[in-house]
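Me: Can you take me through the ring contacts and a few other features here? I'd like to hear what each label rests on.

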Amino acid sequence: MLKHDYMQVSHDQPLSSEAPLQLLLFVDGRPKSRQQVQRIRAYLRELEAEYSFELQIIDVGQQPYLAEHFKLVATPALVKIHPAPQQIIAGSNIIGQVKNWWPRWQAAVDTFLKLQEDLQDSIDENRGVASPNSTIHSVAVSAELIKLSDEIFHLKQEKEKLYEQLQFKDRVIAMLAHDLRNPLTAVAIAIETLQSNYNPDSGAFQRLKPAMTVHLLKQARSQTKLIDRMIADLLQVGRGKDTEFPITPQKLELSQLCLDVLDELCDRYTTKFQKIEKDIPQDLPYVYADPERIRQVIVNLLDNAIKYTPVGGKISISALHRTTQKVQFSIGDTGPGIPEENRDRIFENHFRLQRDEGTEGYGIGLCLCQRIIRAHYGQIWVDTSPNGGAWFHFTLPVYPS
């Protein structure tokens, strides 16, 4: 029996066959393979006249799992699934190969039928009942199992992603609770000091010199801005691994931007009696970059440097005009540094929140820094500072003259 219509071998519509010779013809929707498929089917019709077998035609576009089951790499392909062993014929000369194999397939079928006859006789003697297995049906079940296995794999992947997101949320909360404590405390102390010394009747601050009043107001303002930056950084990094990062590049004087950030963070490093060493050449060219984004990078790197440089330590800031296309900017400290085995991972999205000895807190903005620099077609990396500690570098394009 030879069936000519396209049929789907599926678990929903199981096919049953007791034909001793069972073949599957895999085809696709390509116009250029249509003529080859027609020739193969015509040749199989000729064989039908002299030998009974069953053929199922499978469109790989509709049932890719069956193609995966037989590990097919090209179509059309003819698969002999019964009798065993399974055999796959593919290529441009399928008809020629079938001609060579056809006598051996017939011999294999005769051998199989003889074994079945002997087995049936043995079963009849023992008053048993034989129920022939359908190879085509077993293929359908296998295909469905492959499909279910694939779905389970994707569900496991989704589960892992959700679990990572939950862990990420927990780490963000822990980071905020830890890193917001200091600036919030500083703001609260400044506000309470101002409030306790304010006389509403006279509208003046008692027992506070004007310079101290200005200092406290500046402290409250700078710490509030720090809190705002930290939250913004966490929200931006938490968006994921988006390849696109919005920037508005323009002509930018990097040295002046660095001085502005140092002035903004002055209270932090002066409180720890840290020394700032600058090595920025006067002829440093302008860069082509987004001022606000690069400010975020410098603030994050300086914030880490101040945080991990001990009292009385040194922070180094330098710039180097590497080529006519790039400027390299570096910020170093005398803190604990970054272990060499972690330097390639320190900018990763989730690694930034892992706390281990010597790197506690590093990374709240490093993933963000990397995304910003890459959006400018630059590079950012870290190595050991000449004075010990961490030595962060990033490059930016020179503004075209």
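**Rings, cysteines and a helix**

Reply: Sure. The structure holds seven aromatic pairs. One of them is Y288 with Y399. Bear in mind that this is a predicted model, where local features need pLDDT of at least 70, side-chain atom pairs count only at pLDDT 80 or more, and totals for chains, interfaces and linings use all residues. Residues are numbered from 1 along each chain as its sequence is written, and side-chain values use heavy atoms, with hydrogens and water left out.

Me: Why is the pair of Y288 and Y399 called tilted?

Reply: Rings of Phe, Tyr and Trp (its six-membered ring) pair if their centres lie within 6.5 Å; planes under 30 degrees apart are stacked, over 60 edge-to-face, and the rest tilted. Y288 and Y399 are 5.9 Å centre to centre with 50° between the planes, and that makes a tilted pair. The two are 111 residues apart, with Y288 in strand β9 (residues 287-289). Strands (E, at least two residues) and helices (H or I, at least four) are DSSP runs, numbered from the N terminus.

Me: What makes Y288 partly exposed?

Reply: Buried means under 20% relative accessible area, exposed over 50%, and partly exposed in between (1.4 Å probe, protein chains only). Y288 comes in at 36%, so partly exposed it is. Y399, at 32%, gets that label too.

Me: And what makes F329 and F394 a tilted pair?

Reply: Their ring centres are 5.5 Å apart and the planes are at 40°, so tilted fits. F329 lies in strand β11 (residues 326-332) and F394 in strand β13, so the pair ties together parts 65 residues apart in sequence. Both F329 and F394 are buried.

Me: How do you know that R104 sits over the ring of W101?

Reply: The rule wants NZ of Lys or CZ of Arg within 6 Å of the ring centre and within 35 degrees of the ring normal. The charged end of R104 is 4.1 Å from the centre of the W101 ring, and it counts as sitting over that ring. K251 lies over the face of Y286, at 4.5 Å from the ring centre.

Me: How many disulfides are there?

Reply: Zero, going by a rule that asks for a pair of cysteine sulfur atoms within 2.5 Å. C258 counts as buried at 0% relative accessibility.

Me: How do you know that the span of helix α9 agrees with what's expected?

Reply: The expected span is 1.5 Å times one less than the number of residues. For the 18 residues of α9 (residues 291-308) that gives 26 Å, and the end C-alpha atoms are 26 Å apart, so the two agree. Of those 18 residues, 15 are buried.
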